[in-house]
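User: I am new to this structure and would like a close look at one part of it. Could you walk me through how the chains touch one another, and then show me a residue or two in detail?

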Amino acid sequence: MDVSFALTGKGYVLVAADTTAAHSIIKVKSDVDKIKELSPHLLMAYSGEPGDTVQFAEYIERNIRLYQIRNTYGLRPQSAASWIRRSLAESLRSRHPYSVNLLLGGYDVSTYTPHLYWVDYLGTLAEVPFAAHGYGSYFALSLLDRYHDPEASLEEGIATLRRCIDEVAKRLVVSPGKYLVKVVDKDGTRVIEI
Amino acid sequence: MSIMQHNGGSVIAMVGKDCVAIASDLRLGVQSLSISSNFEKIFPVTERLYVGFPGLATDVTTLREVFRYRVNMYTIKEERAIEPTIFTQLVSSTLYERRFGPYFIEPVIAGLQKTPSGSYEPFIAATDLIGCINFAKDFVVAGTASEKLFGVAEGLWEPGLEPEDLFETISQTLMNAVDRDAFSGWGAIVHVITKDKVITRKLKGRMD
Amino acid sequence: MPDGSFSHPQQRQFNPYTENGGTILAIAGKDFSVIAGDTRQSEGYSIQTRYAPKVFRLTDRAVLAVNGFAADGNMFVKKVQQRLEWYRHAHAKDMPLGAIARLIQTMLYGRRFFPYYVYNILGGIEEDGTGAVYSFDPVGSYEREACRAAGAAQSLVQPFLDNQIYFKNQQAPAGQSHPLHLPLSDVLAIVIDSFTSATERHIEVGDGLEIYVVLTKGRPTQDLEGYRGVKELTTRPDGDRVFLIQRELKKD
């Protein structure tokens, strides 16, 4: 029942994910952080099979860090996305595939451009202006088709994100109560209160 | 619904007079939900050879990477660019390696083949998901709109089309076919390969 | 079980339907209508016959094409013809095209829960003299259109028609617009191309082609003169006229 969306704007990517952890019909936590800060300029929102999600996210997090330690420079968003995709694609045809869906938001410090990647558990990778996973996608994508602007300021971007969150709260039966929103831009990653 | 229909998408290639064209739609979806309107499925192999991968999107990316690697290795070892016929055999054998757990892709290949006299002749081919090759003289199609592509192409195509006429023919064929397919569309891209240049154009299409 | 005991549950099933292949197609013009179908009848990979008509003249102004399950199709046409004959006896005239369309809807919907497994396309001339095509689904949902393909090669032919009849994805020259109706000669060429294309790529289409042409009252017939073996099927003078063009298609 995870809900996550992300959108790009002028020089930033906004990533939002709900904060609930559920076991069947029971909410066991309401302050879970499902958006990992993989590097100073890379965010990853993850959702899917409980257990797989954290295991896979931490595996990615440690390996992205390892690459940076070994090579001094970290992977750029495009390269990180490509490597993460391949990890999922290889896992798909293994004995126990991960069922994890991702949204990767990054800021490329060498070209000064924001990048957003939609990745699913099959290893499907697509660079998109906005994206969503879970039941939220059925509401958010149509809203974003109408309101998304790649040149929008951060304030405008947050307002658009608010619309998505409000619409899900209004129309989705099992809507989550709280969201965590993070942004990545030239200054790095940070949490945004909405 | 079958895995081959999971992400949607279609590719077509056609032969013209001293040229070939290859085109695809730009949709990426998950079942009926559209995710991206800019997902390219056609990739350059050499200056005069392109390959299209309609099918499961994860395998589109995987196979693109596999063939980029294998073609690079061939180029380094042989110290020459790979020819379309050789590349087709490479595609076939690579897919057949996974005979009992295949990549869910039906590749379409289009390029200009060098003849012993030094000139170029048009070449197109397609394979199924386990690498059975179809060498065609006119056109090849694959993807979720393949039936529609067959119908329109059979009606519009004629031998000996010049590059600009071939562009119009392949574009009309693709657009009208994908407009009747729920899993393909959302814009298109067309490459026309001639001996001295490749003309690439993006087409706007219906967004419904 | 062989001993006739009821110790093991058994299931039997009878499937009352089959699919007999083939394709039909109709296009309406300003003052004519063209209704065509191939003549191959198949079941699975076997050809049952190379000549089984799927297109039928109902009146001097109405032609019906039926495709899908041949037995249902033939029975359905028979029942429509019977209802039209009753209408003639009651009203001393032929039923108008729009009325035939509505009749077909009620007849199909009457079998909502054991449908005739057929797709119908009705073509002909309306009372105002314009060409018309009505297309139906198996349970009677219908609409009037300018062109429609149905049957095994529908997915091959319909997008071609979208392009050639509706000019979809084509831009008209500056200051001009696309014609609403094509001349008969163009329509016939498109119909023949559609069927030769479908024959080339679909195994269930081929053998023969029957093209019915319905012309509005008083319309000149010179467009038809270029075709070999055109037969006139009109029954009454001074009304709308029906012609039949028979052609060969590839048999492989």
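Analyst: Happy to help: what follows goes through the contact of chain C with chain B, then the contact of chain B with chain A, and ends with two single residues.

Please keep in mind that this is a predicted model. The predictor gives the complex an ipTM of 0.97 and a pTM of 0.96. For chain C, the mean pLDDT is 96, with 98% of its residues at 70 or more.

Let us begin where chain C meets chain B. Chain C brings 15 residues to this contact and chain B brings 16. The size of an interface is often given as the accessible area lost when the parts come together. Here chain C and chain B bury about 1400 Å² between them, and 49% of that area is on carbon and sulfur atoms. Three residues supply 40% of the area that chain C buries against chain B, namely Pro159(C), Asn169(C) and Arg201(C), and no other three residues supply more.

Arg201(C) is worth a second look. Its side chain meets that of Glu154(B) in a salt bridge, with 2.8 Å from N to O. Three salt bridges are found across the interface of chain C and chain B, along with six residue pairs in polar contact, both partners being at pLDDT 80 or more. On the side of chain C that touches chain B, helix 3 (154–164) and helix 4 (184–201) of chain C each supply at least two residues. Helix 3 of chain C gives the largest share, eight residues. Sorted by class, this side of chain C has three nonpolar, seven polar and five charged residues.

Now stay with helix 3 of chain C for a moment. This helix is mostly covered, with nine of its 11 residues buried. The buried residues include Pro159(C), which is also one of the three residues singled out above for buried area against chain B. Leu156(C), Val157(C), Phe160(C) and Leu161(C) are also among them, as are Ser155(C), Gln158(C), Asp162(C) and Asn163(C). What lies over them? The cover comes from two chains: it includes helix 3 (146–156) and helix 4 (163–178) of chain B, and also strand 1 (23–28), strand 10 (147–151) and helix 4 of chain C.

Next comes the contact of chain B with chain A. It takes 19 residues from chain B and 17 residues from chain A. Between them the two chains bury about 1300 Å², and 55% of this is on carbon and sulfur atoms. Three salt bridges are found across this interface. One of them joins the side chains of Arg85(A) and Glu65(B), at 3.6 Å from N to O. There are also seven residue pairs in polar contact between chain B and chain A, both partners at pLDDT 80 or more. Strand 3 (28–30), strand 4 (33–36) and helix 1 (57–78) of chain B are the elements that give two or more residues to the side of chain B that touches chain A. Helix 1 of chain B provides the largest share, six residues. By class, this side of chain B has 10 nonpolar, seven polar and two charged residues.

Finally, here are two single residues. Asn7(B) sits in the segment before strand 1 (10–16) of chain B. With a relative accessibility of 1%, Asn7(B) counts as buried, because buried means under 20%. Its side chain has a polar atom 2.8 Å from the backbone oxygen of Gly29(B), and a polar atom of that side chain is also 2.8 Å from the backbone nitrogen of Ala57(B). Setting aside neighbours within four places in sequence, Asn7(B) is in contact with residues including Leu28(B), Val30(B), Leu56(B) and Phe183(B).

Arg76(A) is in the loop between helix 1 (52–71) and helix 2 (77–92) of chain A. Its relative accessibility is 43%, so Arg76(A) counts as partly exposed. Neighbours within four places in sequence aside, Arg76(A) is in contact with Asp108(A), Ser110(A) and Thr111(A). With Ser110(A) there is a polar contact of 3.2 Å between the side chains. The C-alpha atom of Arg76(A) is 36 Å from that of Val174(A), a residue 98 places away along the chain.

Conventions:
Residues are numbered from 1 along each chain as its sequence is written. Chains are lettered from A and ligands numbered from 1 in the order in which they are written. Side-chain values use heavy atoms; hydrogens and water are left out. Contact means heavy atoms within 4.5 Å. Buried area is the accessible area (1.4 Å probe) that two parts lose on being put together, summed over both. A salt bridge is a side-chain nitrogen of Lys or Arg within 4 Å of a carboxyl oxygen of Asp or Glu. A polar contact is a pair of N or O atoms within 3.5 Å; within protein, one must be able to donate a hydrogen and the other to accept it, and residues adjacent in sequence count only if both atoms are side-chain atoms. Helices (H or I, at least four residues) and strands (E, at least two) are DSSP runs, numbered from the N terminus. Ala, Val, Leu, Ile, Met, Phe, Trp, Tyr, Cys and Pro count as nonpolar, Asp, Glu, Lys and Arg as charged, and the others, Gly among them, as polar. pLDDT is the predictor's confidence in each residue, from 0 to 100. Buried means under 20% relative accessible area, exposed over 50%, partly exposed in between (1.4 Å probe, protein chains only).
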